[in-house]
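Biologist: Please take a close look at one part of this model with me, and build the picture up piece by piece. A friendly, connected account would suit me well.

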Amino acid sequence: MKKMILIGYGGHAESVADSIRQEGEYDIIGYTDVKKAKETIAYPYLGEDNVLYNMYHKGVNNAVICIGYLGKTNIRDILYKKVKDIGFQLPVIVDRTAVLADNVFIGEGTYIGKGAIINAKSKVGKMCIINSGAVIEHESKIGDFTHVSVKAVLCGNVIVGDHTFIGANTTIIQGLEIGGYSNIGAGSIILRDVPKEMKLYGVWGNKQAEGIVRN
């Protein structure tokens, strides 16, 4: 099997590692992080990210970035640039329970979680997280470094910009566009386009929209 390093270890890493194990293509040799995890985990601690260069030149060519949202997406962006500069490959990780149409496109480094559905002609950019039970319906386009949380539903032809966070159980109706660098809180209902760099929650679609917060 191909050797792989996990970059960052926490709750999200547990989910990613489980999907990798079930896929059976990669052998996880360990993880890097700013410090060793307090809890006992199945993989050895390799050190901080400065060990990645040496690991790559020892023949470990694959990595997966296991840092979740953490309130902002640029941490994943920084790590992505670092590992790409070294030369690592960042394969797409798809849990075996996810359902993907034959003609979807998934960018490098993206993780598709348990029970997620990505339907016909949809495109998901690089370094995205499509979390457990999320639904990306037909012909939707998800920008790079975007996180679609647990059980969020994006109806057909939805366009989501780069570096956007869509909270758990959010519903976005068909044909809408969500601007990049936006943050949509859990349980929201999106009924019209969302401008770039918006932070909101509740019902977004009329002048009486609930719980709207602008950056």
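Modeller: Gladly; let us begin with the rings. Tyr-9, Tyr-31, Tyr-43 and Tyr-45 form one aromatic cluster. Before going on, please note that this is a predicted model, where local features need pLDDT of at least 70 and side-chain atom pairs count only at pLDDT 80 or more, while totals for chains, interfaces and linings use all residues. Residues are numbered from 1 along each chain as its sequence is written, and side-chain values use heavy atoms, with hydrogens and water left out.

The model has 5 aromatic pairs (Phe, Tyr or six-membered Trp rings with centres within 6.5 Å; planes under 30 degrees apart are stacked, over 60 edge-to-face, the rest tilted). Take Tyr-9 and Tyr-31: their ring centres are 5.1 Å apart and their planes meet at 50°, so this pair is tilted. Tyr-9 sits in the loop between β1 (2-7) and α1 (11-23), whereas Tyr-31 belongs to strand β2 (residues 26-32), so their contact ties together parts that are 22 residues apart in sequence. Those labels are DSSP runs numbered from the N terminus (helices H or I, at least four residues; strands E, at least two).

How enclosed are these two tyrosines? Tyr-9 has 11% relative accessibility and counts as buried (under 20%; exposed is over 50%, partly exposed in between, with a 1.4 Å probe and protein chains only). Tyr-31 is buried as well, at 1%. Strand β2, the home of Tyr-31, has 5 of its 7 residues buried, so it is largely enclosed by the rest of the structure.

The neighbours of β2 fill in the next part of the picture. Strands β1 and β2 run parallel and are joined by 6 bridges (strands pair if DSSP finds at least two bridges between them). Within this pairing, Tyr-31 of β2 has Leu-6 standing opposite. Strand β2 also runs parallel to strand β3 (residues 45-47), with 2 bridges joining them. There, Thr-32 has Gly-47 of β3 as its bridge partner.

Charged side chains come next. The model counts 6 salt bridges (a Lys or Arg side-chain nitrogen within 4 Å of an Asp or Glu carboxyl oxygen). One of them joins Lys-2 and Glu-25, with N to O at 3.2 Å. This bridge links distant parts of the chain, for Lys-2 is in strand β1 and Glu-25 in the loop between α1 and β2, 23 residues apart. Lys-2 is partly exposed, with a relative accessible area of 43%, and Glu-25 is partly exposed too, at 33%. Compare Tyr-31 in the neighbouring strand, which is buried at 1%.

Helix α1 carries a salt bridge of its own. Asp-18 pairs with Arg-21, and their closest N and O atoms are 3.3 Å apart. These two residues are 3 apart in helix α1, about one helical turn. Arg-21 is partly exposed at 44%. The contacts reach beyond the helix pair, since Asp-18, Arg-21, Asp-95 and Lys-114 are linked in a network of salt bridges.

For a view from elsewhere in the chain, turn to Lys-84 and Glu-108, which form a salt bridge with their closest N and O atoms 3.1 Å apart. Lys-84 lies in helix α3 (residues 74-86) and Glu-108 in the loop between β7 (105-106) and β8 (111-112), so to speak two distant parts of the chain, 24 residues apart. Both ends are partly exposed: Lys-84 has a relative accessible area of 32%, and Glu-108 has 26%.
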